[in-house]
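Let's take a walk through this structure, stopping at a few places where helices meet and at the spaces enclosed inside.

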Amino acid sequence: MLGIPDPQILIGYALSLGFALASAVYGLVNWNKGEGE
Amino acid sequence: MAVDTLILAAVTVIYLAVTMAVGYLGYRQTKHAEDYMVAGRRMNPVILALSYGATFISTSAIVGFGGMAANYGMGLIWLTVFNIGAGILIAFLVFGKKTREIGKRLGAVTFPDLMGKRFGSGFMQYASAALIMTGMPLYTAAILIGGARFLETALALPYVTALLIFALITAVYVVIGGLIAVMYTDALQGALMLVGMTLLLVFTYMATGGVVHAHQALTEMAPLVPPVLAGLGHTGWTSMPALGSVIWYTVVTTLVLGVGIGVLAQPQLAVRFMTAKDSRTLNRAVLVGGPFILMMTGVAFTVGAVSNVYFYEHTGKIASAAVAGGNVDLIIPTFIDLAMPPWFVVVFMLTLLAAAMSTLASLFHAMGTAIGYDIWKHLKEQKPSLAANRVGIVVMILVSVALALALPGSIIARATAMFMGLCASAFLPAFAYGMYAKEPSAAAAKASLLAGAAAWFLWTAFVHKTESSVMGLSHLLFRTPALLGFPWNVIDPLIIALPLALAALVVVLRRERRVPAA
């Protein structure tokens, strides 16, 4: 896939993208949550 | 590709002038010691996230680890997984909120101060400060080398001159402006890094025929792996090294786990959580932090590996063979110089300057406050002093520059991994325990810190061959470069020291429960 034969490398790329996306979603969902000043 | 030196110089001067102006803005807002140490605990989320990211990512990640990816291949992408998973998600959500809350409640202004106050132990504060002062110059020197190497290549400056200019410029705004100036300039530099790395990814794939073509070509280069590396487990640049081989242990235990876990207990990053105004600020910062780190390390490791295709198509050599002396620290700078349009060389030079300056500034600040606040202020029992912190920063800058001049080539990524491994081994179990225990035990924290630091040092000096053979202690005492053979001599010290530090914490806690204090 995408010229990369080793699934271990592809999983690494998928997890990197997934975690970055999860960070963005978490930040948006919790934008106004948590203790404010 | 030649760059007009005049244009390069003009753009650099403009960039430095803007940086200084932003630093001055921070200086104007610095009225008290708390402003200088923890930015007045009122930082906004975007500046906090960009500052954290720009501090996290240095020339070491881009030049050093990018060069390692050119050497070992795309397996380094697993470090990006840890960088985001541990370095952002766990760091902000598990440790960040507690660090901010406890730091504010106790009035802590540095990482050693937090450790000392949390455990009610002067020893924890002094020992943490001492570890910062001894271990951090190694990492600082690695970053100085990364920035100076690029200036050397792009501006044709003598290496030593590049190094000195670089250190001096950063020193000015850190010494004068403290953490507000550091974080404001970090944010500016972080934004610049984001633009530079995005363009680098696009231009790299354009220069190598597109995403799939570049990867396919890289896959087909597997037979070009030098026999020495193939014998150590290198299987090509688009596949992981052979399981259990020397290179597998290096990539997985040192580069991926050592740095990936090490980031969780770095003093210069932990102190940023104490600058947040509230926990909402940390939630918002995560939004920026994750994608930012992806665009930094994910791009650097991908470009590093793919650069082999460009080097092979244009010089007939793989990346490590195409640079002087096989120094992997020169691969990324050389690739940029050869493959990118001249104007992008200028942009990328600023990206690297920004990456290096943002991390350097934070390290200078962390080391200087360790001397000026944690050691000096407490020994003399004086009020927090801006002057003492400034003197501390100047002293540690001089130490770091001297070390940078003394270190050998191909050292950037390894020195970074060493520092992060030491931080995780010495601090992580005690720090995590301190943030979550209701009544934390000072004895358990001390045992963990001492066991982690001692185990890390002994394994580094006597077993992990890459370092022990250079340090020479093992040879001096036992007439052998490493006391244990394969695979032990290629397993990173962190893998041994971190569990031992955790075990020491647990053992002392269990003993205290059996024998309650009178």
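What follows looks at three helix pairs in chain B and then at the cavities. Keep in mind as you go that this is a predicted model.

A quick word on how to look at the pairs: two packed helices are described by the angle between their axes and the distance between the axes.

Start with α8(B), which covers residues 159-207, and α17(B), which covers residues 386-406. Their axes lie 11 Å apart, at an angle of about 165°. Because an angle over 145 degrees counts as roughly antiparallel, that is the label for α8(B) against α17(B). The two cross in a right-handed way. On the α8(B) side, the contact includes Y159(B), L163(B), A167(B) and V174(B), and on the α17(B) side you'll find R390(B), I393(B), I397(B) and L405(B) among the partners. What kinds of residues make up this contact of α8(B) with α17(B)? Sorted by class, there are 15 nonpolar residues, no polar ones and one charged.

Now turn to α9(B), residues 211-220, where it packs on α13(B). Here the axes are 9 Å apart and the angle is about 80°, so α9(B) is roughly perpendicular to α13(B). From α9(B), the residues in contact are H213(B), A214(B), H215(B), A217(B) and L218(B). They face A305(B), V306(B), N308(B), V309(B) and E313(B) of α13(B). The residues of this contact split into six nonpolar, three polar and one charged.

The third pair brings together α11(B), residues 246-262, and α18(B), residues 412-436. Their axes come within 8 Å and cross at roughly 55°, which means that α11(B) is oblique to α18(B). The crossing is left-handed. Among the α11(B) residues that take part are T250(B), T254(B), G258(B) and V259(B), while α18(B) brings R414(B), A417(B), M420(B) and G421(B), among others. By class, the contact of α11(B) with α18(B) has seven nonpolar, five polar and one charged residues.

Next come the spaces inside. How many cavities of 30 Å³ or more are there? The count comes to four.

The largest cavity has a volume of about 110 Å³. It is lined by 17 residues, and T110(B), F111(B), V271(B), A366(B) and T369(B) are the closest to its centre. Which helices should you look for around the largest cavity? In chain B, α6 (111-119), α12 (267-273) and α16 (342-380) each supply at least two lining residues. Of these, α16(B) gives the most, with six. The lining of the largest cavity has ten nonpolar, five polar and two charged residues.

The second largest cavity holds about 90 Å³ of space. Its lining has 14 residues, and those nearest the centre are F56(B), A61(B), F65(B), V259(B) and M420(B). Two of these names may ring a bell: V259(B) and M420(B) also take part in the contact between α11(B) and α18(B). In chain B, α4 (59-72), α5 (77-106), α13 (279-315) and α18 each give two or more residues to this second lining. The largest share, three residues, comes from α4(B). By class, the lining of the second largest cavity has nine nonpolar and five polar residues, with no charged ones.

How values were computed. Residues numbered from 1 in each chain as written. Chains lettered and ligands numbered in written order. Predicted model: local features only at pLDDT ≥ 70, side-chain atom pairs only at ≥ 80, totals over all residues. Heavy atoms only, no water. Axes fitted to C-alpha atoms, helices over the stretch in contact; angles between N-to-C directions. Helix = DSSP H or I, 4+ residues; strand = E, 2+ residues; numbered from the N terminus. Parallel < 35°, antiparallel > 145°, perpendicular 65-115°, else oblique. Left-handed = near helix turned anticlockwise from the far one by under 90°. Contact = heavy atoms within 4.5 Å. Nonpolar A, V, L, I, M, F, W, Y, C, P; charged D, E, K, R; others polar. 1 Å grid on protein atoms, 1.4 Å probe; cavity = no way out; pocket = protein on both sides within 12 Å on 5 of 7 lines; lining within 4 Å. Points joined across faces, edges and corners; volume = space filled by probe spheres on them.
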